[in-house]
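Got the viewer open? Let's take a walk through this one, a selection at a time.

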Amino acid sequence: SSLNDTAELIAQALEMPVRITREAQIAVDRNQAQLPNSIDFSGSASTVLNRIAGQYGVYWRFAGEAVEFYLIETRVFAIDVFSGTLSNTVGVSGQASTSSSTGSGNGGGSGGSSGGDQRTTFTNSTDFFPSIAESVKSMLTPSGKVASSHALGSLTVTDTPDVLSNVAEFVAQTNKRLGRPITFEVKIYSFQATANTNYGIDFALLAGNISKNFGVKAIATAGV
């Protein structure tokens with residue numbers, strides 16, 4: 001029997017209106033060959049409604065004073081993870097000086113000083129939102145859809161209740177995992193250089209290695 005015929009029987013039995021959403025009707029009409037030949041109305045109202053919804057491949061809920069058979073619904077999920085750019089600058093500065101004196105009786109000498117400063121900036125862009133949205137999209141049925149709002153940090157998902165339940169669990173686990181506090185340890189080193197000291201620090205090479213090994217953007221700058 002059709003879902004419309006069954007809905008009329010349910011309305012008479014429960015003495016309340018029964019509605020069928022457009023998406024649910026389309027899905028049932030598409031599967032005419034799989035419709036049940038008979039309906040078992042034994043048991044409580046919720047038991048009967050669960051059985052009928054399962055036989056027709058749809059879902060049911062109370063919508064105000066009516067029973068409604070539906071296929072999809074929409075929920076909004078908040079993504080509580082940090083997105084942005086972290087920037088840290090470390091620098092090494094040194095001062096070099098030279099002096100000399102020669103002769104006896106007559107004073108003579110020369111002196112000089114020079115200073116230098118080199119700094120390396122590490123920039124790490126952290127944005128998990130696009131990958132989370134793509135992961136949710138891969139969980140949807142062909143009729144499902146997702147709309148993301150990066151500014152609001154939310155995903156609006158439309159799909160079957162089963163899929164929405166899976167999405168809710170995924171988002172909860174993601175928020176828990178990525179929302180943990182992160183501790184940064186910063187160490188500052190200072191030294192003074194003389195003319196006879198050459199530490200051989202290549203900040204350009206250091207920045208390149210950090211960018212390659214840790215996936216962050218490092219820029220080395222030098223000043224005098």
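Start by selecting Val 48, Leu 49, Ile 52, Ala 53 and Tyr 56 in H3: these are buried (under 20% relative accessible area; exposed is over 50%, partly exposed in between, with a 1.4 Å probe and protein chains only). They cover an arc of only 130 degrees around the axis, so they sit on the same side of H3; the arc is taken from the directions from the helix axis to the C-beta atoms. Before going on, note that this is a predicted model, where local features need pLDDT of at least 70 and side-chain atom pairs count only at pLDDT 80 or more, while totals for chains, interfaces and linings use all residues. Numbering runs from 1 along each chain as its sequence is written, and side-chain values use heavy atoms, with hydrogens and water left out.

Helix and strand labels are DSSP runs numbered from the N terminus: helices are H or I with at least four residues, strands are E with at least two. Now show all of H3, residues 45-56. Its twelve residues should span 16 Å at 1.5 Å a residue, and the end C-alpha atoms are 17 Å apart, which agrees (the expected span is 1.5 Å times one less than the number of residues). Just after H3 comes Gly 57, with a positive phi near 70 degrees.

What do the buried residues of H3 pack against? Bring up helix H1 (3-14), helix H2 (22-30), strand E2 (59-63) and strand E3 (66-70). Zoom in on Ile 52 and, beyond its neighbours within four places in sequence, you'll find Thr 6, Ile 10, Ile 39, Phe 41 and Phe 69 in contact with it (heavy atoms within 4.5 Å).

Next, the cores. A nonpolar core here is a set of buried Ala, Val, Leu, Ile, Met, Phe, Trp, Tyr and Cys residues joined through side-chain atoms within 4.5 Å. The largest has 21 residues, of which Ile 52, Tyr 56, Val 58 and Phe 69 touch the most other members. H3 gives this core its largest share, five residues. A second, separate core has 14 residues, including Phe 129, Leu 140, Leu 155 and Leu 164.

Stay with Leu 140, in the loop between helix H4 (129-137) and strand E7 (145-149). Leu 140 is buried because its relative accessible area is 16%. Select Val 167 too: the two are 27 residues apart in sequence but 8.8 Å apart in space, C-alpha to C-alpha.

For something polar, go to Thr 158 in strand E8 (residues 154-159). Its relative accessibility is 10%, so Thr 158 counts as buried.

Now the salt bridges, defined as a side-chain nitrogen of Lys or Arg within 4 Å of a carboxyl oxygen of Asp or Glu. How many are there by this rule? The count is four. Pick Arg 61 and you'll see a bridge to Glu 68, with the closest N and O atoms 2.8 Å apart, and another to Glu 73 at 3.2 Å, N to O. The latter links distant parts of the chain, from Arg 61 in strand E2 to Glu 73 in strand E4 (residues 73-78), twelve residues apart. Add Arg 19 to the selection: salt bridges that share partners join Arg 19, Arg 61, Glu 68 and Glu 73 into one network.

Last stop: Glu 15, in the loop between H1 and strand E1 (18-20). Its phi is near 55 degrees, a positive value in a residue other than glycine. At 73% relative accessibility, Glu 15 is exposed.
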